[in-house]
Amino acid sequence: MAPALTIRRDEARRYVLQAKLQDKKVGLVPTMGALHQGHLSLVKASCFDCDYTVVSIFVNPTQFGPGEDYEAYPRDLERDIQQLQDVGVDLVFAPDTGEIYHERHSTTINPPSVAEPLEGVHRPHHFRGVATVVLKLFNIVPADVAFFGQKDFQQTRVIEAMVADLDLPMSIQVCPVIRESDGLALSSRNAYLTDCERTQAVALSQALTTAVKMSRGEQNDAAAICAAMTAQLHQAGIIRIDYVAIVDPVHLRPVEIASPGSMALIAAHVGATRLIDNARLG
Ligand code: AMP
C-alpha cells in the first residue's frame, strides 16, 4: 500500500499521535532522500520492529557548510516514495525548508562534546545543524525508536548523547553499514563519482579491512595501523585525506593501542566528492 505523504508538521504529528492512541510502537527513519539500499535497511528494521514507520525526507540546509554540496545534493522525491511503497512504510514526511525553519528561526542545539573531534574539526557547524534538525524531527514525530546508520558513526554517537543528555523518551537503534559488492559503502554522494573515481573510492573500505585484519593479527599499535591505511589510500590516488583515525567508540578520542571495539574511521576526498566510512575493530 502507498504510504501517506505529508509536507506539513501538524499533519505529520496528527498521524503519529493517532497511531500512538492505538498503542502502536512508532519508528522514525530520518533521511535526506536520494534513497538507496542503505536507507532502506533502516526502514526495513523499523517496519520489522515497530507497528508504524515514518520516514522523513529533508535536505537540511543548516548541516551543510559554505561551499559544500547543499544545492547539488541529489533530490528525487517521486523515486524515493516509489521505493518506500514496497517496504511497508506508513507515513512519509517531506517538508520544505520553510516548514522546518520559519523566517525568524534562531534556536539551535549546542551539540554534545562527542561532536568535537573528526567531523567536528573539518565541518565545524555540521553537528549543530544535525542535532537541531533531528531534535525538531523528534518533536514533530514523537517516535518510540529512531533508526540511524553506523555509516555515520559519529552522528549516531551525537544523537545518542543528545537523547541521553536531554532525557528524550525514546531509544536509538543503530543499523550496520550496507555496502556494494566490492565493499564501497552506499551513499547518496556516490552518484557524484566518475567511473575512475568510483574505482578509487573502494580504497576506503579496503583500508578499513586492512585495519580490521591488522588488529586481529599481531598489530595493535594504532599509529602503525593508521599509517598502513593512509598508504593504501595514497596508493589508490586519494591524497586529500581529512582524517584516518582509530578511536574509542564512546568519546571518539584517539587511542594508542587498538583493542576490540575500537573504531577505525576515514574521511577523504575522491575527486570533488567527500566520502566517509568506518569499521569496528576486533
Ligand atoms: P542521509 O540521507 O545520508 O542523511 O542518511 C540517512 C540515514 O541513512 C543515516 O542514519 C545514515 O547513517 C543512513 N545510511 C546512509 N548510508 C548508509 C549505508 N550505506 N548503510 C546503512 N545506513 C546508511
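# A guided tour, from a loop to the sheet and the ligand

Begin by selecting Leu118, which lies in the loop between helix H4 (97–100) and helix H5 (119–122). The model on the screen is a predicted one, and the values given along this tour were computed from it. Is Leu118 buried or exposed? With a relative accessibility of 10%, Leu118 counts as buried, because that value falls under the 20% cut-off. Its backbone also deserves a look, since Leu118 has a positive phi of about 50 degrees although it is not a glycine. Most residues other than glycine have a negative phi.

For a second residue of this kind, select Asp23, which is found in the loop between helix H1 (9–21) and strand E2. Asp23, again not a glycine, has a positive phi of about 65 degrees. Here the surroundings are of another sort: Asp23 has a relative accessible area of 70% and is therefore exposed.

## The sheet

Next, select the strands E1 to E6, and colour each one separately if your viewer allows it. These 6 strands form an open sheet with parallel pairing, and across the sheet they follow the order E1-E4-E3-E2-E5-E6. Strand E1 (4–6) and strand E6 (171–175) are the edge strands, each of them pairing on one side only. From one strand to the next, the twist averages 25 degrees.

Stay with the sheet and select strand E2 (residues 26–31), of which 6 of the 6 residues are buried, so that E2 is largely enclosed by the rest of the structure. In a regular strand the side chains alternate between the two faces of the sheet. Turning to E2 itself, Val26, Leu28 and Pro30 point one way, while Gly27, Val29 and Thr31 point the other way, and all of these are buried.

From E2, move to its partner E3, with which E2 pairs in the parallel sense over 6 bridges; to see one of the paired positions, select Pro30, whose bridge partner in E3 is Ser56. Strand E3 (residues 52–57) is in turn joined by 3 bridges to strand E4 (residues 91–93), and these two strands run parallel. At this junction, Val55 stands opposite Val92 in E4. Now add helix H3 (residues 77–85), which packs on the sheet and touches E1, E3 and E4, with a direction that makes about 165 degrees with that of E3.

Return to E2 and go the other way, to E5, where E2 and E5 pair in the parallel sense over 2 bridges, and where Leu28 has Ala146 as its bridge partner. How many residues of strand E5 (residues 145–149) are buried? The count is 5 of the 5, so E5 is largely enclosed by the rest of the structure. Both of its faces are covered, with Val145, Phe147 and Gly149 buried on one side and Ala146 and Phe148 buried on the other. One further step leads to E6, which pairs with E5 in the parallel sense over 5 bridges, and in which Val174 is the bridge partner of Phe148.

## A buried helix

Select helix H6 (residues 126–140) and check its length from end to end: at 1.5 Å a residue its 15 residues should span 21 Å, and its end C-alpha atoms are 21 Å apart, which agrees. Because 12 of the 15 residues of H6 are buried, this helix is largely enclosed by the rest of the structure. Among the buried residues are His126, Phe127, Leu135, Phe138 and Ile140.

## Around the ligand

Now select the ligand, which is surrounded by 17 residues, the closest being His39, Gly149, Asp152, Ile178 and Leu186. An oxygen atom of the ligand is 2.9 Å from an N or O atom in the side chain of His39. At Gly149, a residue of E5 that is buried, a backbone N or O atom lies 2.9 Å from an oxygen atom of the ligand. At Leu186, a polar backbone atom is 2.9 Å from a nitrogen atom of the ligand.

## A last loop

Finish by selecting Asp248, in the loop between strand E7 (241–247) and strand E8 (263–270). With 17% relative accessibility, Asp248 counts as buried. Which backbone nitrogens lie by its side chain? The backbone nitrogen of Val250 lies 2.8 Å from a polar atom of the Asp248 side chain, and that of His251 lies 2.7 Å from a polar atom of this side chain. Leaving aside residues up to four places away in sequence, Asp248 touches Arg253 and Val255.

Methods: Residues are numbered from 1 along each chain as its sequence is written. This is a predicted model: local features need pLDDT of at least 70, side-chain atom pairs count only at pLDDT 80 or more; totals for chains, interfaces and linings use all residues. Side-chain values use heavy atoms; hydrogens and water are left out. Two strands pair if DSSP finds at least two bridges between them. Helices (H or I, at least four residues) and strands (E, at least two) are DSSP runs, numbered from the N terminus. Axes are lines fitted to C-alpha atoms, for helices over the stretch in contact, and angles run from 0 to 180 degrees between N-to-C directions. Contact means heavy atoms within 4.5 Å. The expected span of a helix is 1.5 Å times one less than its number of residues. Buried means under 20% relative accessible area, exposed over 50%, partly exposed in between (1.4 Å probe, protein chains only). A residue is near a molecule or strand if one of its heavy atoms lies within 4 Å of it. A polar contact is a pair of N or O atoms within 3.5 Å; within protein, one must be able to donate a hydrogen and the other to accept it, and residues adjacent in sequence count only if both atoms are side-chain atoms.
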